[in-house]
Amino acid sequence: MKDSLDIKKYIESGILEEYAMGLTSQEQNIEIINNLKKYPELSKELSQIEDSLEAYSNLYAKPMSPDLKSKILDNIFLEKNKIHTQNSWTIKLPYLLAIVGFALLCGWLYNVNSKLQNQLDQKIKQNSELIYQTKQDSLAILDCNNQLNYFKNSNLQRIILKGTPKSPESFAMVYYDSVSQRSILDVISLPQPSPEKQYQLWAIVSGKPVDLGVFDLNDKSKMLEIKFVQQPQAFAITLEPKGGLPAPTMEQLFVLGQI
């Protein structure tokens, strides 16, 4: 049996118009829906109300101008692009920062490695130079000891080569040891020759000059081990063309020492 409801009074209350326009509360909506299910008259009345509202809306609704529609569509397009760009950069930025950071790290590591490699190369070079210099010093000490022992030898004969009238200030010495068969030339004072000239050492054996070689004036030529000859009568130094001559030029005789 249906609940008693004054249909006319209910319609006249205007509740259906409020419902059609969405102005009723949730509790009222539940009640209205239940009544609509119970009373077909109310459903018919609501349908008429909705048709009236739609007709009213169509009557007074103004069509949108093309210009306004274009502006709205443009704004929607710009907003979509803006959101897309923001989203794109939001996604790409961490990767770009990671790539830049990795590149900077690689560059820093490369610089550090280059500096360390340069320092290592310098240390290796310095160590090699130190080893070479140590060997040279050892050889020099050994040579000094050998020379010292040589000069302490009681068999050693010292031949003084005095300057000739051509070069009175020139002076040299020959150390001659017939037992060990070693002889050393000590150039104490000779004038510096021109580049195309060289000094040449001679030994006089049986009245004839014997070539003992040419030499330049430098630190290494101050003490020279020379070719040993048996029974020399004298030693002499002449200034000759570079490379020397088979026979001495007597006009270029600088020092002479007889035994």
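User: What does "buried" stand for, and where do "partly exposed" and "exposed" begin?

Analyst: Buried is under 20% relative accessible area, exposed is over 50%, and partly exposed is in between (1.4 Å probe, protein chains only). Ser167 is buried, because its relative accessible area is 10%. Across the chain, 23% of the 259 residues count as buried.

User: What kind of model is this, and how is it numbered?

Analyst: The model is predicted: local features need pLDDT of at least 70, side-chain atom pairs count only at pLDDT 80 or more, and totals for chains, interfaces and linings use all residues. Residues are numbered from 1 along each chain as its sequence is written, and side-chain values use heavy atoms, with hydrogens and water left out.

User: Where is Ser167, and which residues is it in contact with?

Analyst: Contact means heavy atoms within 4.5 Å. Ser167 is in the loop between strand S1 (157-163) and strand S2 (171-177). Leaving aside neighbours within four places in sequence, Ser167 is in contact with Pro191 and Phe254.

User: How many helices and strands does the chain have?

Analyst: Both are DSSP runs, numbered from the N terminus: helices are H or I, at least four residues, and strands are E, at least two. This chain has five helices and eight strands. Along the sequence the pattern is α-α-α-α-α-β-β-β-β-β-β-β-β.

User: How many aromatic pairs are there?

Analyst: Rings of Phe, Tyr and Trp (its six-membered ring) pair if their centres lie within 6.5 Å. Planes under 30 degrees apart count as stacked, over 60 as edge-to-face, and the rest as tilted. The structure holds four such pairs. One of them is Tyr176 with Phe228, stacked at 5.0 Å centre to centre, with 15° between the planes. Tyr176 is in strand S2, while Phe228 is in the loop between strand S6 (223-226) and strand S7 (234-241), 52 residues apart. Both Tyr176 and Phe228 are buried.

User: Which parts does the pair of Tyr199 and Phe215 tie together?

Analyst: Tyr199 and Phe215 are stacked, 6.1 Å centre to centre and 25° between the planes. Tyr199 lies in strand S4 (residues 197-205) and Phe215 in strand S5 (residues 208-215), so the pair ties together parts 16 residues apart in sequence. Tyr199 is buried, with a relative accessible area of 0%. Phe215 also counts as buried, at 7%.

User: Which residues form an aromatic cluster?

Analyst: Tyr176, Phe228 and Phe235 form one cluster.
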